[in-house]
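Take a look at the fold below. We will work through it by question and answer, from the ligand outward to the sheets.

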Amino acid sequence: MPRSELIPSHLAPVKALYPANRRGFMGGALGLAGAMALPPLLARPARAQGLLAPALVPMRLSPDQLVDMKCCLRPLRAAGPNLSTETVGRKLVVHNYGHGGSGWSLSWGSAEVAVGKALSVLPSRIAVIGCGIIGLTSAIMAQRAGLHVTIYARELLPRTRSFRASGSFTPSARVALEGPAGPQFGDLWEQMARFSWKMFRTLLGLPGKPVEFSDSYAVSDEPITRRVWPVDPAITESYETSGLPRQNAEFARLDSRIRDIVPQAVPLLPEENPFPTPFATRTSQMHFNFPAYAQLLMDEFFARGGRYVMRSFHAPSALAELPEDVIIHATGYAARDLWGDRSVIPVRGQTGWLVPQPEANYALRFRNMSALSKADGIVIMNNNPDLGDMLGVGESMELPQREPLLEAMATLAGVFAGTYASPAQAAGAGA
Ligand SMILES: Cc1cc2nc3c(=O)[nH]c(=O)nc-3n(C[C@H](O)[C@H](O)[C@H](O)COP(=O)(O)OP(=O)(O)OC[C@H]3O[C@@H](n4cnc5c(N)ncnc54)[C@H](O)[C@@H]3O)c2cc1C
């Protein structure tokens with residue numbers, strides 16, 4: 001089949017703007033030696049794999065498609081999630097909160113740890129405080145272990161902060177700071193991440209697709225390399241001195257521990273790249289379709305005889321009124337006030353939601369702006385490349401702002417339309 005028939009017609013003229021693309025991603029200036037010198041992330045496991053660029057249906061990224069905006073606070077704890085136990089009166093409380101930007105991803109593994117601690121005193125019934133993704137998975141894990149479970153919470157999952165996330169498998173996203181978490185946290189994190197991954201694997205291919213994989217493309221007008229954040233010596237403050245992380249180098253980087261089971265990004269050859277950019281990578285990204293997944297979890301909880309009591313707690317001492325003697329505490333960011341845990345740091349984040357487009361079932365990232373097509377909509381994020389993980393740190397304002405989302409949509413739409421400025425074009429315009 002001629003190459004021209006493989007490129008969507010609206011992209012073909014744009015590709016012609018990029019002679020660098022013709023030289024080949026791994027060929028031309030880089031050549032084989034350059035390819036071999038790439039860091040492991042970008043080394044091709046099997047050259048070309050016989051794949052050609054799929055003719056992707058372009059995403060409709062115009063403002064008229066924007067149907068929702070959501071904002072929420074990631075509950076970051078420098079030491080990582082709190083999974084400790086304590087007694088309140090005669091009750092054993094097992095904490096399970098503070099999962100930063102990783103709550104959906106680590107939920108099953110974290111629940112396994114928390115339920116294991118609750119089981120140590122051989123209860124026949126337990127209470128779970130909170131019904132976000134952490135509380136609900138804790139409740140189900142406890143039921144699967146044979147316990148009777150009552151959830152006490154202000155809101156059920158669809159009304160919680162969890163439902164305002166974006167919803168990909170991102171198990172190490174702003175989950176801890178390297179220094180305060182210490183070296184032992186890596187082992188716990190890996191145990192939770194691997195357990196969760198196995199659980200998610202059991203949820204693939206179900207009706208309604210609660211959990212699924214899709215292709216995720218990162219495209220660029222510059223060679224794509226793994227971003228590293230060296231310590232910036234000019235920044236003298238740190239979490240230790242100020243109670244807030246002050247630079248990206250403070251965040252724990254753990255993903256390499258599970259790269260043997262999680263798909264990694266591979267660079268695309270020009271003939272494999274469906275976009276008009278000279279550089280692209282593709283990976284397979286697992287994501288969660290919130291409505292179907294929430295329904296599945298709620299159905300299991302109630303089918304196993306779970307009870308839900310709508311209740312708001314104002315102090316830990318109120319737990320003494322509950323009939324259960326063992327309690328899993330999973331209130332997420334709210335633990336900062338309810339439990340007085342000032343080590344919970346807000347990390348603000350927001351998403352825009354566009355009309356679902358099931359025929360465009362992939363994700364695109366360009367200059368740290370992203371669009372991920374999910375069953376309940378295309379989720380848009382605008383992440384500042386210079387701020388990295390520091391974006392939103394310490395911010396507790398929970399109202400969404402429209403402008404950054406519109407900017408992300410316009411920038412990504414420029415990739416589809418071929419109207420974004422390449423570095424060469426931008427330089428020419430400025431001359
Ligand atoms: C923009 C954004 C994108 C994200 N993307 C991802 C992602 O792609 N992947 C990922 O894994 N994670 C992601 N996260 C992180 C994830 O959303 C959180 O880690 C997770 O939602 C935390 O869940 P939780 O159950 O601990 O808390 P919550 O969802 O906040 O649930 C807390 C529960 O406790 C209840 N509660 C609170 N206070 C009280 C009280 N006083 N009395 C009674 N009940 C109470 C609430 O009603 C609720 O039921 C993202 C976060 C943001 C902000």
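## Ligand and sheets

Q: Which elements each supply at least two residues of the shell around the ligand?
A: This model is predicted. Two helices and two strands each give at least two residues to the shell. They are strand 1 (66-77), helix 5 (103-119), helix 6 (133-144) and strand 11 (344-354).

Q: How many nonpolar, polar and charged residues does the shell around the ligand have?
A: There are 36 residues around the ligand, and Gly100, Ser105, Glu155, Ser162 and Ser168 come nearest. Sorted by class, the shell has 12 nonpolar, 19 polar and 5 charged residues.

Q: Which residue has a polar side-chain atom 2.7 Å from an oxygen atom of the ligand?
A: Polar contacts here are pairs of N or O atoms within 3.5 Å. Backbone atoms take part: a polar one of Cys131 is 2.8 Å from a ligand oxygen, and a polar one of Arg154 is 3.1 Å from a ligand nitrogen. The side-chain atom at 2.7 Å from a ligand oxygen belongs to Ser105.

Q: What percentage of the accessible area of the ligand does the protein cover?
A: Ser105 is one of the residues in polar contact, with a side-chain atom 2.7 Å from a ligand oxygen. On its own, the ligand has 1000 Å² of accessible area. The protein covers 97% of that.

Q: Why is one side of strand 2 and of strand 9 left without a neighbour in the sheet?
A: These strands belong to an open sheet of 6 strands, in the order 2-3-10-4-5-9 with mixed pairing. Strand 2 and strand 9 (307-310) each have a single partner strand, so one side of each stays free of a neighbour in the sheet. The reason is their place: they stand at the edges.

Q: Which residue in the hairpin of strand 2 and strand 3 takes a positive phi near 60°?
A: Strand 2 (residues 85-88) and strand 3 (residues 91-95) run antiparallel, joined by 4 bridges. In one bridge, Thr87 partners Leu92 of strand 3. The hairpin has 2 residues between the strands, and the one with the positive phi is Gly89.

Q: At what angle does helix 6 run to strand 5?
A: Strand 4 (residues 125-129) and strand 5 (residues 148-153) pair in the parallel sense over 5 bridges. Val128 stands opposite Ile151 in strand 5. Helix 6 lies across strand 4, strand 5 and strand 10 (326-329), and its angle to strand 5 is about 165°.

Q: Which residue in strand 14 stands opposite Leu354?
A: An open sheet of 8 strands has the order 1-11-14-13-12-6-8-7. Its edge strands are strand 1 and strand 7 (266-267), each pairing on one side only. Strand 11 and strand 14 (residues 377-382) run antiparallel, with 3 bridges. Opposite Leu354 stands Ile378.

Methods
Residues are numbered from 1 along each chain as its sequence is written. This is a predicted model: local features need pLDDT of at least 70, side-chain atom pairs count only at pLDDT 80 or more; totals for chains, interfaces and linings use all residues. Side-chain values use heavy atoms; hydrogens and water are left out. A residue is near a molecule or strand if one of its heavy atoms lies within 4 Å of it. A polar contact is a pair of N or O atoms within 3.5 Å; within protein, one must be able to donate a hydrogen and the other to accept it, and residues adjacent in sequence count only if both atoms are side-chain atoms. Accessible areas come from the Shrake-Rupley method with a 1.4 Å probe; for residues, only the protein chains shown count as cover. Ala, Val, Leu, Ile, Met, Phe, Trp, Tyr, Cys and Pro count as nonpolar, Asp, Glu, Lys and Arg as charged, and the others, Gly among them, as polar. Two strands pair if DSSP finds at least two bridges between them. Contact means heavy atoms within 4.5 Å. Axes are lines fitted to C-alpha atoms, for helices over the stretch in contact, and angles run from 0 to 180 degrees between N-to-C directions.
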